[in-house]
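Q: I have a protein model open and would like to learn how to read its helices. Could you take me through a few features?

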Amino acid sequence: MKDALQHHVEPEVIEQYSQVFLIAPKLFQQIRKSLGGKVKFDIALTEQVLAFALLGVFLLTHKSAYKHDLMLHSLRGIDDLNSLNHHIRESMEISIFASSSLMLSLWHIDVNLVKQLNHLEKVSKLRVKSTEQDELVLFMLSFLYFIASRHSDFNELEQKAELLNINDFKEIKSFFINE
């Protein structure tokens with residue numbers, strides 16, 4: 001993947017987001033362990049969502065993409081994935097989730113994954129009510145975005161983790177930040 005993108009996407013973006021694709025399944029495993037089976041997930045689908053939901057970053061930062069400089073600037077300056085999606089949706093008329101869905105659709109990837117990303121897009125736009133699973137997936141995606149963007153203030157994520165009953169989030173965070 002890195003070789004195919006190296007002339008079209010900034011190397012820093014490739015490196016940062018490639019890393020989160022790799023750690024997504026381990027994060028999901030840690031969160032499930034923390035929840036102690038209280039929340040039921042479609043494990044295979046959720047792992048795919050976590051691995052591919054941020055893939056759209058590559059499309060939106062592609063050097064030939066409309067307003068790719070804006071996207072690069074936004075990635076560096078916006079701490080929160082929900083805020084980033086809102087900003088990009090307002091500025092570029094697409095979000096990271098929607099661009100990920102587009103890429104996966106073009107590659108004929110599992111339709112259930114594309115449907116789930118479209119569902120998360122609707123949830124993030126507040127067009128449909130979220131479930132506990134949706135909130136947890138969005139939390140994990142926010143955490144992955146936070147790691148990729150190398151932001152350092154985890155206060156909001158820690159508060160959200162507490163609301164979602166992820167009691168050992170500080171340990172989970174330390175595991176991934178220190179890796």
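A: We will look at a few helices in turn, keeping in mind that this is a predicted model.

Q: Let's start with helix H10. Which of its residues are buried?

A: First, the general idea: an α-helix has 3.6 residues a turn, so residues three or four places apart point the same way. Now the case here: in H10, which spans residues 155-163, the buried residues are Leu-157, Glu-158 and Ala-161. Because they cover an arc of only 100 degrees around the axis, they sit on the same side of H10.

Q: And which exposed residues are on the face turned away from that buried side?

A: That face carries Glu-156, Gln-159, Glu-162 and Leu-163.

Q: What do the buried residues of H10 pack against?

A: They pack against two helices, H9 (132-149) and H11 (169-177).

Q: How do H9 and H11 cross?

A: Their axes come within 11 Å and cross at roughly 40 degrees. That angle makes H9 oblique to H11, and the crossing is right-handed. The contact is made by Phe-139, Phe-143 and Ile-147 from H9, together with Phe-169, Lys-173, Phe-176 and Ile-177 from H11.

Q: Now a single residue: is Gln-16 buried or exposed?

A: Here the cut-off helps: buried means under 20% relative accessible area. Gln-16, which belongs to helix H2 (residues 11-35), has 8%, so Gln-16 is buried.

Q: Which residues does Gln-16 touch, leaving out those up to four places away in sequence?

A: Gln-16 touches Ala-148, Ser-149 and Arg-150. A polar atom of the Gln-16 side chain lies 2.7 Å from the backbone oxygen of Ala-148.

Technical notes. Residues numbered from 1 in each chain as written. Predicted model: local features only at pLDDT ≥ 70, side-chain atom pairs only at ≥ 80, totals over all residues. Heavy atoms only, no water. Buried < 20%, exposed > 50% of the residue type's maximum accessible area, 1.4 Å probe, protein only. Helix = DSSP H or I, 4+ residues; strand = E, 2+ residues; numbered from the N terminus. Arc of directions from axis to C-beta. Contact = heavy atoms within 4.5 Å. Polar contact = N/O pair within 3.5 Å; in protein donor to acceptor, adjacent residues only side chain to side chain. Axes fitted to C-alpha atoms, helices over the stretch in contact; angles between N-to-C directions. Parallel < 35°, antiparallel > 145°, perpendicular 65-115°, else oblique. Left-handed = near helix turned anticlockwise from the far one by under 90°.
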